[in-house]
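Hi everyone, thanks for coming. I'd like to walk you through a structure that may be new to you, so please have a look at it with me.

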Amino acid sequence: VEGLREYVRRHSYGNASMSDLWAAVQSCAPKGGLLRVEDLMMPWLLQRGFPCVTASMRPPEAGAATVVLEQAPFRPDTVDGEPLLWPIPLVFKRFITGADGSTRVHTSLELLLGQRLDVALDGGLELQDGEAVTGVVVNGNHAAFCVVSVRCARLAELYYAALASGQAAPEEVLGGSLDLQLLAAYTAPEDAPRLLAHVAGVLAALPPLTSDASPPPLAHGLAWSFLVSAQCRLFKALIVSGDAVPSSAQLMRDVQLSTDALRGLLRAHSEAGPRSREVVAVLERALEGCHGVRAALGGAIDA
């Protein structure tokens, strides 16, 4: 806000360029930053598309686990043979559980400037005796405009733990799945096969849903429902466009598993009192979406 005020003060009743805006904002920014404001903003304004950040984990070396963040354009655009890259500020949240079961949150800003960034899971934290990092969220609060694709079962478990601790909202933990579902609704038919393969890869990294009586962890059930909904939308786009499509039998089974899981979660959280009201609302929207895409997929297959 101070940067905008400075911009207006400098250029009132006069002409100004985009560089003048960034210069005014820069003058009000903290000194010693990793990147100039103009260098941060211009790729987002001038490059088409947006990035997909893939998050995975590298096995512990010398006792330290590492989260690996890699970026690539969501569509394979290149400039003169080089892949497009963005400066991506990612809010990295670590959920730390103590020996007594108490949980605290440590938030850091990680700047992904190149194609890859390795982030130590403990982040150099001074952990007390009995404390451990039990949950992680990449791009907390959706600070960066990008899709975060969790492609590692261990990291997915840390995401679920962040939600189970009660200190992360479902929308924050499941942002990548929600983004993929929304993208699927607006994807052109020619892009559907690539996005379908991407969604299938994300699903493969998650523990599978089962048909037993007990509901899955909240984030697990929601993530599955959002991703399966995305698959249904893309499957329908392929059918409508007349392209070759994979077998629909497994997809219909996944839809049924997602629907059953959401119903179980909805029953469990509806009985948990007012604190679960927000979660129940998310589950109801997810279940409604599951019913909608199931009907649309069935109609497309019948046609």
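Let me start with a question: which side chain meets that of D118 in a salt bridge? The partner is R58, with 2.8 Å from N to O. Before I go on, please keep in mind that this is a predicted model.

Now, where do those two residues sit? D118 belongs to strand β7, residues 116-120, while R58 belongs to strand β1, so their salt bridge ties together parts that are 60 residues apart in sequence. D118 is partly exposed, at 34% relative accessible area, and R58 is partly exposed too, at 28%. D118 also has a salt bridge with R116, where the N to O distance is 2.9 Å. R116 is partly exposed, with a relative accessible area of 45%.

Those belong to a longer list, as the structure holds nine salt bridges. Another of them joins the side chains of E110 and R94, at 3.9 Å from N to O. Here E110 comes from strand β6, residues 103-112, and R94 from strand β5, and the pair links distant parts of the chain, 16 residues apart. Are E110 and R94 buried or exposed? Both E110 and R94 are buried.

Let me step back for the overview. The protein has 303 residues, and 43% of them count as buried. You can find ten helices and nine strands in it. If you take contacts between residues at least 6 apart in sequence, 66% of them join residues at least 24 apart. As for the outside, the protein exposes about 15,700 Å², and carbon and sulfur atoms supply 55% of that area.

Next, the inside. How many residues does the largest nonpolar core have? It has 26, and the ones with the most contacts inside it are L90 and L155. Several elements give two or more residues to this core: strands β1 (51-61), β2 (64-73), β5 (88-97), β8 (132-138) and β9 (147-150), together with helix α4 (153-164). Of these, β5 gives the most, with four residues.

Let's zoom in on L155. Setting aside residues up to four places away in sequence, L155 touches A55, S56, M57, V67, V136 and V150. Apart from the core we have been looking at, there is another one, of nine residues, and L266, L283, A286 and C290 are among them.

Now for some aromatic rings. The count comes to one aromatic pair. The two rings are those of W44 and W86: their centres are 6.2 Å apart and their planes are at 45°, so the pair is tilted. W44 is in helix α3, residues 37-46, and W86 is in the loop between β4 (82-83) and β5, which puts these partners 42 residues apart in distant parts of the chain. Their surroundings are worth a look as well: W44 is partly exposed, with a relative accessible area of 22%, whereas W86 counts as buried, at 0%.

Let's move to the start of the chain. Helix α1 covers residues 2-11 and contains E6. Why does E6 count as buried? Its relative accessible area is 17%, and buried means under 20%. Not counting neighbours within four places in sequence, E6 is in contact with A24, S27 and C28. E6 also takes part in a network of salt bridges with R9 and R10.

Follow the chain on to Y13, in the loop between α1 and α2. What is the phi of Y13 near? The value is near 60°, which is positive in a residue other than glycine. For background, most residues other than glycine have a negative phi. Y13 counts as exposed, at 90% relative accessibility.

One more stop, on the surface. M18, L45 and L46 form a nonpolar patch there, and together they have about 320 Å² of accessible area. M18 lies in helix α2, residues 18-28, and is partly exposed, at 42% relative accessible area.

If you take one picture away with you, let it be these two pairs: D118 with R58, joining β7 to β1, and W44 with W86, joining helix α3 to the loop between β4 and β5. Thanks for listening!

Terms used. Residues numbered from 1 in each chain as written. Predicted model: local features only at pLDDT ≥ 70, side-chain atom pairs only at ≥ 80, totals over all residues. Heavy atoms only, no water. Core = buried A, V, L, I, M, F, W, Y, C linked by side-chain atoms within 4.5 Å. Buried < 20%, exposed > 50% of the residue type's maximum accessible area, 1.4 Å probe, protein only. Contact = heavy atoms within 4.5 Å. Patch = residues over 30% accessible without salt bridge, like charges linked within 9 Å, V, L, I, M, F, W, Y side chains within 5 Å. Areas by Shrake-Rupley, 256 points an atom, 1.4 Å probe, with all protein chains shown as cover. Salt bridge = Lys/Arg side-chain N within 4 Å of Asp/Glu carboxyl O. Phe/Tyr/Trp six-rings, centres within 6.5 Å; stacked < 30°, edge-to-face > 60°.
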